[in-house]
Amino acid sequence: MASKSPECEHPSVTLFRRYLRIRTVQPEPDYGAAVAFLEERGHQLGLNCQKVEVAPGYVVVVLTWPGTNPTFSSILLNSHMDVVPVFKEHWSHDPFEAFKDPEGYIYARGTQDMKSVGIQYLEAVKRLKDEGHRFPRTIHITFVPDEEVGGSKGMQAFIQRPEFQSLRVGFALDEGLANPMDAFTVFYSERAVWWVRFISTGRPGHGSRFIEDTAAEKLHKVMSSVLAFREKEKQRLQSDPHLKDGAVTCVNLTKIEGGVALNVVPATMSAVFDFRIAPDVDLEAFEKQLQRWCQEAGEGVTFEFAQKWTDPRITSTDDADPWWAAFSGSCKDMNLTLELEIFPAATDSRYIRAAGVPALGFSPMNRTPVLLHDHDERLHEAVFLRGIDIYTHLLPSLASVPALPTEH
């Protein structure tokens, strides 16, 4: 796939590269520049623009294309503005230059996660508006901050506000992942994120003695229990070719803390584990398992949560479901092969689903390596442009879903 010369670059690609150059990189994203860029684009497209400040300096941009039937619930197209940090020395090109190589690959942080999708939404709406279309359902395009650091000052806060309620969302699309093969991946649920800190207290003393009942010994027992569970889940995944990452519970040790001096046995030590719990797991039973691991390790071992998601929801992929029927039917019309999965990490979809709104994670990138958060994150311009074509087909189907029982 050879790219065109810069002077005849597709205007959608030019717009995409402009967005990529805005440094919305954590931990200090330039949200002001992104909001101004999106607001300007919204006005150019004749969309209603609302800016909702969900926390000081954290603005959600809502661009709205009104439908013809205000009694129907709306379609939400969500993306986040922020991107993860970069290690420039590991990149072939400046990660905020949006360099395009002679083959047509665009290198920049956010090409896959997920500035491409935000621009694809806008360009699909532009195309449909230019063709004179109107649909029964209103389409809202939201650009949120803070997703890459948990969403507490982004979608999680927005969901609680009256401005979100007034959107009357019936169905949402949010981010997915690239697929290296021909198929397109669609995510209908995601794992619950639990960040658990195990705290072990024991007898302190001088490093020259065999002290009994130390914090380190008991912490080692807890860690061994958790890592044995990790190995079991890993084996379960590897032994069943039908299982995908999101269908099992993943856990990793991410932090160990403790100690006051090199020759002193500490009274307290802690270890943090990042659990990603599959949606079919009984969360109450899982928490009891954590308690048992502590009890088995000995007295003075407890745990606390740095993060605990307790409301995993599954969006229906049943052919009888009107939203899934519209989405999958449109993909079938385009001859797209879909692979259904549980998202292995966390996205803003979890907040949307917890608000009672069915949501699918979908980034239309196939034949593309998964490079989100990676060095040299890139996307081919042809894949990006095809994504616009895909949304141009999808949106009319979703925005024309007939009246649901609750909408009569």
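This passage walks through a predicted model, starting with its nonpolar cores and moving on to two helices, two annotated sites and a few unusual backbone spots.

A good place to start is the inside. In soluble globular proteins, nonpolar side chains tend to be buried together. Here, the largest nonpolar core has 64 residues. Within this core, the most contacts belong to Leu122, Ile141, Phe143, Leu173 and Phe327. Helix H10, covering residues 381-399, supplies the largest share of the core, at nine residues. Apart from this core lies another one, made of 43 residues, and among its members are Leu76, Ala172, Phe229 and Met269. Back in the largest core, Ile141 gives an idea of what a well-connected residue looks like. Not counting residues up to four places away in sequence, Ile141 touches Leu47, Val61, Val62, Leu63, Leu77, Tyr121, Leu122 and Val125.

Next come the helices, beginning with helix H2 (residues 31-44). With 14 residues at 1.5 Å a residue, H2 should span 20 Å, and its end C-alpha atoms are indeed 20 Å apart, so the two values agree. Which residues of H2 are buried? They are Tyr31, Ala34, Val35, Phe37, Leu38, Arg41 and Gly42. Looking down the axis of H2, these buried residues fall within an arc of 160°, so they line one face of the helix. The spacing fits a simple rule: an α-helix has 3.6 residues a turn, so residues three or four places apart point the same way. On the face of H2 turned away from the buried side sit the exposed residues Gly32 and His43. The buried residues of H2, for their part, pack against helix H1 (11-20), strand E1 (48-55), strand E2 (58-65), helix H3 (115-130) and strand E6 (139-144). After H2 comes Gly46, with a positive phi near 70°.

Helix H6 (residues 215-239) can be checked in the same manner. Its 25 residues, at 1.5 Å each, should span 36 Å, and the end C-alpha atoms are 36 Å apart, which agrees. The buried residues of H6 are Ala215, Lys218, Leu219, Val222, Met223, Val226, Phe229 and Glu233. One of them, Phe229, also turned up in the core of 43 residues. The partners that the buried residues of H6 pack against are strand E9 (192-201), strand E11 (250-258), strand E13 (268-277), helix H7 (283-297) and strand E14 (301-308).

Now for the annotated spots. An unreviewed UniProt entry places the feature "active site" at Asp82 and Glu147. These two span 66 residues in sequence, yet their C-alpha atoms are no more than 6.8 Å apart, so they gather at one spot. Of this set, Glu147 is part of the lining of the largest pocket. Asp82 sits in the loop between strand E3 (74-80) and strand E4 (99-100). Is Asp82 buried or exposed? Its relative accessible area is 0%, so Asp82 counts as buried. Leaving aside neighbours within four places in sequence, Asp82 is in contact with Thr24, Gln26, Tyr31, Asp113, Val144, Pro145, Asp146, Glu147, Glu148 and Val149.

The unreviewed UniProt entry also lists the feature "binding site", at Asp113, Glu148 and His373. Although these residues span 261 residues in sequence, no two of their C-alpha atoms are more than 10.0 Å apart, so they too gather at one spot. From this set, Asp113 helps line the second largest cavity. Asp113 is found in the loop between strand E5 (105-107) and H3, and is buried, with a relative accessible area of 5%. Its contacts, again leaving aside neighbours within four places, are His80, Asp82, Val83, Glu148, Glu175, Leu372, His373 and Glu377. The two annotated sets therefore touch, because Asp82 of the "active site" is among the contacts of Asp113.A few backbone details round things off. Asp113 is joined to Met114 by a cis peptide bond, with omega about -10°. Another cis peptide bond runs from Gln26 to Pro27, with omega near 10°, and Pro27 lies in the loop between H1 and H2. Ala98, in the loop between E3 and E4, has a positive phi near 55° although it is not a glycine. Arg367 is also a residue other than glycine with a positive phi, near 50°. Ala98 is buried, at 0% relative accessible area, whereas Arg367 counts as exposed, at 58%.

Terms used: Residues numbered from 1 in each chain as written. Predicted model: local features only at pLDDT ≥ 70, side-chain atom pairs only at ≥ 80, totals over all residues. Heavy atoms only, no water. Core = buried A, V, L, I, M, F, W, Y, C linked by side-chain atoms within 4.5 Å. Buried < 20%, exposed > 50% of the residue type's maximum accessible area, 1.4 Å probe, protein only. Helix = DSSP H or I, 4+ residues; strand = E, 2+ residues; numbered from the N terminus. Contact = heavy atoms within 4.5 Å. Expected span 1.5 Å × (residues − 1). Arc of directions from axis to C-beta. UniProt positions renumbered as here; feature names shortened; annotations may be inferred. 1 Å grid on protein atoms, 1.4 Å probe; cavity = no way out; pocket = protein on both sides within 12 Å on 5 of 7 lines; lining within 4 Å.
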